[in-house]
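Visitor: I would like to go through this structure with attention to the reasoning, setting each value against the criterion that gives it its name.

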Amino acid sequence: MALSRLKINHVRNLQQVSLEDLQQVNVLFGRNGSGKTSVLESIHLLGMARSFRGSSIKSVIAHQEADCTVFGMVTHPSLSSAAAGAGLPLGVQRNRAGEVQIKVSGKTVRTVARLAEHFPLQVITADSFDLLTGSPGARRQYLDWGVFHVEHRFFYQWQRFQKCIKQRNKLLRRGKIADRELAVWTRDLTESGKAITAYRKAYFEVLTPRFSAIMARLAPSLTALELRFRQGWDKQLSYEAALQSSAAADLEQGYTHVGPQRADIRVMYNGHPAAETLSRGQQKLVVCGLKLAQGQLMSEVGKGTCTYLIDDLPSELDQQHSQLVCALLASMEAQVFITCVQRQDIESVWPETKELAMFHVEHGAVQRYSQL
Ligand SMILES: Nc1ncnc2c1ncn2[C@@H]1O[C@H](COP(=O)(O)OP(=O)(O)O)[C@@H](O)[C@H]1O
Ligand SMILES: [Mg+2]
């Protein structure tokens, strides 16, 4: 899936921007404060209906405006090639009240998942580099992105699990529960929890070798890197047994202690947590490796390609490592939107064989740049 056209209305300092004929590799260059990150933010809004900074939607809507809208055309592999030329229209509108309207092919859809499945996005920004040091929640989100895009049955079980755990925790908090009442939710929780974990494990197994291969190119000296999957309960126990052994604590403290809601990916280096051992620069490479591995895996299993939104890579990595990341991106056939201040910042690190579409961003306006 790749974005071929994009229309932006009222996203941060972008009042009305229209980008046509987008290419596989698109470079957005311009001074600080010109609106480059806002273009990435708009693309993220189109794929996920929210900001990529995790900030509130109000900060994304242009000051003085009631709402913001993005509209885009993505090419979809399941359409016939003639129809794919036309693409699949996506539209997202958000207003200050937090309401969201999502349209796929002109029809309103009710969940972000129904939008995201058509336009998988990977984001690499300054904030992404906290993945190793940050909360397990961010690493679960990372993992589940991959599972969601390669295994479409995952989402149903994930939704089911969310519902069960919410209900079960509500009961636990209330106290004075009839055993039968709790047992109903525990049974459903067990089933969906086991299904989610099986999907996550299977995905993790195929992701790990890709990650290792990519890291061997990005940081050959970090040979002792290892990824570990933690399912969220004692691996010696079945989920039923783990829930049973935590039943008393669950009742006493009013929430479910064990399960996929506690899963994590641990990145280890020489047997120690990479977050505590690696330098910040090395951690950034590991994060790039994790994100590149997911995109590569997605295209390898025939689920289409994802689109990378990469904010100011040259200021995050040194020249040599920027070059390596760009070479890997270029070899993946994924679509890329990448920002920098001077266009030479990317030109000097991108492999020469791939053509770059250049866009100059200035005071909230975006112009295609051509050297001719
Ligand atoms: N909600 C908003 N409404 C209007 N302008 C905004 C809003 N939020 C941020 N801006 C402005 O948008 C401009 C572009 O920001 P940004 O896209 O981050 O620039 P760049 O990435 O090119 O450095 C900044 O000058 C910023 O002050
Ligand atoms: Mg920026």
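**Ligand 1 and its surroundings**

Guide: In this predicted model, a backbone N or O atom of Gly 35 lies 2.9 Å from an oxygen atom of ligand 1.

Visitor: What makes the approach of Gly 35 to ligand 1 a polar contact?

Guide: A polar contact is a pair of N or O atoms within 3.5 Å, and the Gly 35 pair, at 2.9 Å, satisfies that limit. A polar side-chain atom of Lys 36, which lies 2.8 Å from an oxygen atom of ligand 1, can be set beside it. His 63 contributes a polar backbone atom that is 2.9 Å from a nitrogen atom of the ligand. Taken alone, ligand 1 exposes 580 Å², and 73% of that is buried by the protein.

Visitor: Which residues come nearest to ligand 1, and how many surround it?

Guide: There are 14 residues around ligand 1, and those that come nearest are Arg 12, Gly 33, Lys 36, Thr 37 and Ser 38. Sorted by class, the shell holds 9 polar, 3 charged and 2 nonpolar residues.

**Helix α1**

Visitor: Why is α1 described as largely enclosed by the rest of the structure?

Guide: The description rests on a count, because 12 of the 13 residues of α1 are buried. Lys 36, Ser 38, Glu 41 and Leu 45 are among them. The helix reaches 18 Å from its first C-alpha to its last, close to the 18 Å expected at 1.5 Å a residue. After α1 comes Ala 49, whose phi is positive, near 60°.

Visitor: Why is Glu 41 called buried?

Guide: Buried means under 20% relative accessible area, and Glu 41 has a relative accessibility of 1%, so it counts as buried. Glu 41 lies in helix α1, which covers residues 36–48. When neighbours within four places in sequence are left aside, the residues in contact with Glu 41 include Arg 12, Arg 50 and Arg 53, as well as Val 11 and Phe 52.

Visitor: How do you know that Leu 45 is buried?

Guide: Leu 45, also found in helix α1, has a relative accessibility of 0%, and therefore counts as buried. Leaving aside neighbours within four places in sequence, its contacts include Val 11, Ile 57, Cys 68, Val 92 and Leu 115. Leu 45 and Cys 68 are 23 residues apart in sequence, while their C-alpha atoms are 9.7 Å apart in space.

Visitor: And Val 92, why does it count as buried?

Guide: Its relative accessible area is 2%, and since the limit for buried is under 20%, Val 92 is buried. Val 92 has its place in strand β5, residues 88–95. Beyond four places in sequence, Val 92 is in contact with Leu 45, Leu 46 and Ala 49, and also with residues including Cys 68, Val 70 and Leu 115.

**Helices α5 and α12**

Visitor: How do you know that the span of α5 agrees with its number of residues?

Guide: At 1.5 Å a residue, the 21 residues of α5 should span 30 Å, and because its end C-alpha atoms are 30 Å apart, the two values agree. Among the buried residues of α5 are Phe 154, Phe 155, Phe 161, Arg 160 and Arg 168. The buried residues of α5 pack against α3, α4, α6, α7 and α8. Gly 175, which follows α5, has a positive phi near 75°.

Visitor: What span should α12 have, and how far apart are its ends?

Guide: The 13 residues of α12, residues 319–331, should span 18 Å at 1.5 Å a residue, and its end C-alpha atoms are 18 Å apart, which agrees. Its buried residues include His 321, Val 325, Leu 328 and Leu 329, and what covers the buried residues of α12 includes α6, α10, β12, α11 and β13.

**Two loop residues**

Visitor: Why are Ser 105 and Asp 312 called partly exposed?

Guide: Partly exposed is the range between buried, under 20%, and exposed, over 50%. Ser 105 has a relative accessible area of 41% and is therefore partly exposed, and Asp 312, with 24%, is partly exposed too. Ser 105 lies in the loop between β6 and β7, and its phi, near 55°, is a positive value in a residue other than glycine. Asp 312 is found in the loop between β12 and α11, and has a positive phi of about 55° although it is not a glycine.

Notes
Residues numbered from 1 in each chain as written. Chains lettered and ligands numbered in written order. Predicted model: local features only at pLDDT ≥ 70, side-chain atom pairs only at ≥ 80, totals over all residues. Heavy atoms only, no water. Near = heavy atom within 4 Å. Polar contact = N/O pair within 3.5 Å; in protein donor to acceptor, adjacent residues only side chain to side chain. Areas by Shrake-Rupley, 256 points an atom, 1.4 Å probe, with all protein chains shown as cover. Nonpolar A, V, L, I, M, F, W, Y, C, P; charged D, E, K, R; others polar. Helix = DSSP H or I, 4+ residues; strand = E, 2+ residues; numbered from the N terminus. Expected span 1.5 Å × (residues − 1). Buried < 20%, exposed > 50% of the residue type's maximum accessible area, 1.4 Å probe, protein only. Contact = heavy atoms within 4.5 Å.
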